Structures are given as C-alpha cells and as structure tokens.
Amino acid sequence: MSKRQESKYKINRRLGVNLWGRAKSPLNRREYGPGQHGQRRKKPTDYGTQLMAKQKLKGYYGNIGERQFRRLYDEAVRRRGDTGENLIELLERRLDAVVYRMKFVPTVFAARQFVNHGHVTVNGKRVNIASYQVKDGDTIEVRNKSKQMALVIEAVASGERDFATYHEVDGAALKGKYVRAPKLADVPYPVQMEPNLVVEFYSR
C-alpha cells in the first residue's frame, strides 16, 4: 500500500482544482498553489497538461502510487476498446473506490483504510485489499460489527455526494451491488477528468 505523506488538500491546491468537491477544501478560499511561488502564473506545456491530467486522476483515487497506476494503464491498453474508458473502468472497479462511491465512508482515503482494516465483505467474504477488482453483480457490504462506527454513520448521513447510477445501494443496510462498469460520462467527478491526456502522457 502506498502511504500518503502529504495533506490531501495540498493535492487540491497543487493541482488547482477542488478534486473531491468538498466544502472543506482550502481551494474554496485560496485558488492558487501552496508555497511561496504558488501565485505565479505558469503557461502549461503539452507535457505539463498531460502530467496534470494524470496527477488529477491518480490523486482523485487516493493518490495511487505510480507503479500501481502504471499497471492499471497497461491493463487498460491490453483490453479491447478505448484505453481511456478502460482505465476509468479499472479505477472504478477498485474496492476502495466502490466503498467510497456507495457512501459507506466520507473520503477515498478513509475508504482505503476502511478496506485495509477488514471492515468490508464482497459476496459475504472479507476482503482487505483496496485495489481488489470488483466484478459485475458483486455484493459489497460493511461488516456487522463495523456498521456503528462514527465514520460510517457520518458518511451515510452526509448529503455531500450523490450515489453513482451504476450501483444499487441500500443505505440503511450498508450494502450495495456493483451493477455494471461505468463509462467516463457516468462517473460523478466534481471536476473534469481527461483520461485521453493520460493515454497521451504514457504513449510519448
């Protein structure tokens, strides 16, 4: 598991976007990067634009490590169809992303920790690997002894995010079904994601 060494909101400020659409983001107050050079205007190159698109996508899913992200990209290339769409599908099939989408926890970082600590089952079996690839029709549920955690109760009560249309979720039972793989247009990103630029970045 890659460890996040910096504040998650620093990712927001470095990228210049409110990546998760959260009201608490400091970007809502300061729309410039961190540090003494944060307010300098920079003219992005093609490489810089592609790199930014990659960093946005990596950051959104909990700042996935480069090696793991590259593996997902290589798998997306191997599959038939549009590589960018395949990459989004693989990211959305990660168990931590599914737990976050189903609103069992408030953040994607909390989702990774929640899965790693064994609070989630897939088809009745405990899975503690955040990168586990969920399949169509799989049932994801919070374990009974974990349903009263403050983190879970807070997330379920929050109106900050909408449910994704490609899941069926029973919020009261803290249980959901992964119905189908999404297309880019289906995914409720608060900011514009550009997987085509990520493909260009790795294709250089």
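Let's start with a pair of charged residues: in this predicted model, R79 and E75 form a salt bridge, and their closest N and O atoms are 3.0 Å apart. How exposed is each partner? R79 is partly exposed, because its relative accessibility is 32%. E75 also counts as partly exposed, with a value of 25%.

From here we can step to another salt bridge, the one between D136 and R93, where the closest N and O atoms are 2.9 Å apart. D136 sits in the loop between β2 (125–126) and β3 (139–142), while R93 sits in the loop between α4 and α5 (95–101), so this pair ties together parts that are 43 residues apart in sequence. The two partners are covered to unlike degrees: D136 is partly exposed, with a relative accessible area of 43%, whereas R93 is buried at 11%. These two bridges belong to one story, for salt bridges that share partners join E75, R78, R79, E89, R93 and D136 into one network.

Now look at helix α3, which spans residues 66–78. Here R70 and D74 form a salt bridge, with 3.2 Å between the closest N and O atoms. Both residues lie in this helix, 4 residues apart, which is about one turn. R70 is partly exposed at 34% relative accessibility, and D74 is partly exposed as well, at 29%. In total, the structure holds 13 salt bridges.

Next along the chain comes a residue worth pausing on, T83, which is found in helix α4 (residues 83–92). Is T83 buried or exposed? It is buried, because its relative accessible area of 17% falls under the 20% cut-off. Which residues does T83 touch, leaving aside those up to four places away in sequence? They are Y73, A76, V77 and V199.

With these details in mind, we can step back to the whole chain. There are 8 helices and 5 strands, and reading along the sequence gives the pattern α-α-α-α-α-α-β-β-β-α-β-β-α. You can follow that order in the structure above: six helices come before the run β-β-β, then a helix, then β-β, and a helix closes the pattern.

How does the chain pack against itself? Of the contacts between residues at least 6 apart in sequence, 62% join residues at least 24 apart. Buried residues make up 47% of the 204 residues in the chain. As for the surface, the chain exposes about 11,200 Å², and carbon and sulfur atoms supply 46% of that area.

How values were computed: Residues numbered from 1 in each chain as written. Predicted model: local features only at pLDDT ≥ 70, side-chain atom pairs only at ≥ 80, totals over all residues. Heavy atoms only, no water. Helix = DSSP H or I, 4+ residues; strand = E, 2+ residues; numbered from the N terminus. Buried < 20%, exposed > 50% of the residue type's maximum accessible area, 1.4 Å probe, protein only. Contact = heavy atoms within 4.5 Å. Areas by Shrake-Rupley, 256 points an atom, 1.4 Å probe, with all protein chains shown as cover. Salt bridge = Lys/Arg side-chain N within 4 Å of Asp/Glu carboxyl O.
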